[in-house]
Amino acid sequence: MVKTQSDLDRALSGDTRALARLLSAVEDESPRVRELIKDLLPRTGHARIIGLTGAPGVGKSTMTAALVGAFRAAGRRVAVLAIDPTSPFTGGALLGDRIRMQQHATDEAVFIRSMASRGHLGGLAATTPQAIRVLDAAGFELIIIETVGVGQAEVAIASLADSVAVLLAPGMGDAVQAAKAGILEVADLFIVNKADKPDAQQVVRDLRGMLALGARHKGWKPPIITTTATTGEGLAEVVTQLDAHWEWLAESGELTRRRHARAREEITALAFAALRARLAGSSVTRAGLDDLAARVADGTLDPFQAAEDILDG
C-alpha cells in the first residue's frame with residue numbers, strides 16, 4: 001500500500017522496500033495507482049524490456065538468473081518480473097522463480113519480484129504493464145519478464161517486450177510443438193537450452209526447418225542459440241544477440257512501432273476493465289439481464305440491441 005508521497009521519492013532514490021510497496025499497490029490495483037503512474041510517466045521509456053517465455057521445464061528461471069549475472073558483470077542495473085502460477089489457497093505467487101535466483105538477492109543493483117498470474121491468461125499478470133513502468137522509472141536499465149510456462153498460443157509477452165526470447169529444450173517429447181503457431185512468430189531469438197542433453201541438435205534442425213518454411217522476417221531473422229544455462233555455456237552469445245536485436249530495433253524504427261503497439265494494447269485492456277466495472281454497476285439487474293437473454297434466445301430481440309440496452313443502462 002502506498003502510504004505517502006515520500007514512499008515514491010524513496011523508491012526513486014533506490015529504496016527497495018519502498019519500491020516493493022509501490023509494486024504491491026500496483027498488484028492490488030490500489031485507487032492510488034492512477035496518480036502514481038501519472039507521477040512516474042516523465043521518468044519512463046528508457047528501460048529495455050526482455051521477455052523470456054517457453055513451456056514449463058525448459059529452464060526459464062535458470063536462464064533468467066544467468067542473464068542477470070551477465071548483465072550485472074557489464075555494470076547494468078537489472079530488474080526481474082517473474083510471473084508465477086497463482087496459489088489456489090492464498091492467491092499469491094508460488095515464488096519458485098525467486099528461490100532459483102537467490103545468488104542475486106543481496107545485489108543492490110538487482111531487484112527481483114515474483115508476481116502472481118491471478119488467473120490472467122497469456123503467461124502474464126494483468127498488472128504487468130504498470131509494474132514495468134514503476135521499475136523503468138526507478139532507473140533499471142533492463143527489465144526481464146519471465147512468463148509462466150506457456151503453450152502454443154499464449155503470446156501476450158509479445159505485446160510487452162522489446163525483445164522476446166523463446167526457450168526450448170530437448171527430451172520433452174516433440175519440443176518444437178512449443179514453438180508452433182503464435183509462439184514461432186513472436187520470437188526474436190530462440191534458445192535451445194540444456195544443450196548437453198541428447199537430441200539438442202535435432203531441436204535446432206527442426207527449428208531451422210520451421211523458420212525456413214513458414215516464418216516471414218521483416219529485416220531480422222531470429223537466431224537459434226544453444227545453451228546450458230546451469231554452466232553458462234552459450235550465455236555470451238545470448239547477450240550478444242539480445243544487444244544486436246536492440247540495435248536493430250532502434251535503427252529500423254521497429255522499437256517505436258512496438259512501443260506504440262504496446263500502448264494501444266494497454267489502452268484497450270484498461271478500457272475493457274473500465275467497461276466491466278461499468279457493467280457491474282449498471283442499472284440492468286440480474287433479472288433484467290435474464291429477461292434480455294430470454295428475448296434473444298426466443299428471437300424477439302437481436303443480441304446487438306440487447307448489448308446496447310445494457311450499455312445504455
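In this predicted model, the search for enclosed space turns up two cavities of 30 Å³ or more. The second largest cavity holds about 40 Å³ of space. Its lining is made up of Ala11, Gly14, Asp15, Thr16, Leu19, Arg77, Glu108, Ala138 and Phe140. Sorted by class, that comes to four nonpolar, two polar and three charged residues.

Open space is a separate story. The largest pocket takes in about 1,100 Å³, and 32 residues line it. Ala126, Gln130, Glu266, Ala269 and Leu270 are the ones that lie nearest the centre of this pocket. As for where the wall comes from, three helices, α3 (33-40), α6 (128-137) and α10 (254-280), each put in at least two residues. Of these, α10 is the top contributor to the pocket lining, with eleven residues. The class breakdown for the largest pocket reads 17 nonpolar, eight charged and seven polar residues.

Helix α6 also carries Thr128, a residue that is thoroughly tucked away. With a relative accessible area of 0%, Thr128 counts as buried, the cut-off being under 20%. Setting aside neighbours within four places in sequence, the contacts of Thr128 are Leu81, Ile83, Met115, Ile145 and Leu160. Leu23 sits 105 residues away from Thr128 along the chain, yet the C-alpha atoms of the two are separated by 9.7 Å.

One of those contacts of Thr128, Ile145, leads on to the strands, since Ile145 belongs to β4 and is the bridge partner of Gly51 there. Strand β1 covers residues 48-54, and seven of its seven residues are buried, so the strand is largely enclosed by the rest of the structure. The burial holds for both faces: Arg48, Ile50, Leu52 and Gly54 point one way from β1, while Ile49, Gly51 and Thr53 point the other way, and all are buried.

What flanks β1 is easy to lay out. Strand β4 (residues 142-146) runs parallel to β1 and is joined to it by five bridges. Strand β5 (residues 163-168) likewise pairs with β1 in the parallel sense, over five bridges. Gly51 takes part in both pairings, with Ile145 as its bridge partner in β4 and Val164 as its bridge partner in β5.

Definitions and conventions
Residues numbered from 1 in each chain as written. Predicted model: local features only at pLDDT ≥ 70, side-chain atom pairs only at ≥ 80, totals over all residues. Heavy atoms only, no water. 1 Å grid on protein atoms, 1.4 Å probe; cavity = no way out; pocket = protein on both sides within 12 Å on 5 of 7 lines; lining within 4 Å. Points joined across faces, edges and corners; volume = space filled by probe spheres on them. Helix = DSSP H or I, 4+ residues; strand = E, 2+ residues; numbered from the N terminus. Nonpolar A, V, L, I, M, F, W, Y, C, P; charged D, E, K, R; others polar. Buried < 20%, exposed > 50% of the residue type's maximum accessible area, 1.4 Å probe, protein only. Pairing = 2+ DSSP bridges. Contact = heavy atoms within 4.5 Å.
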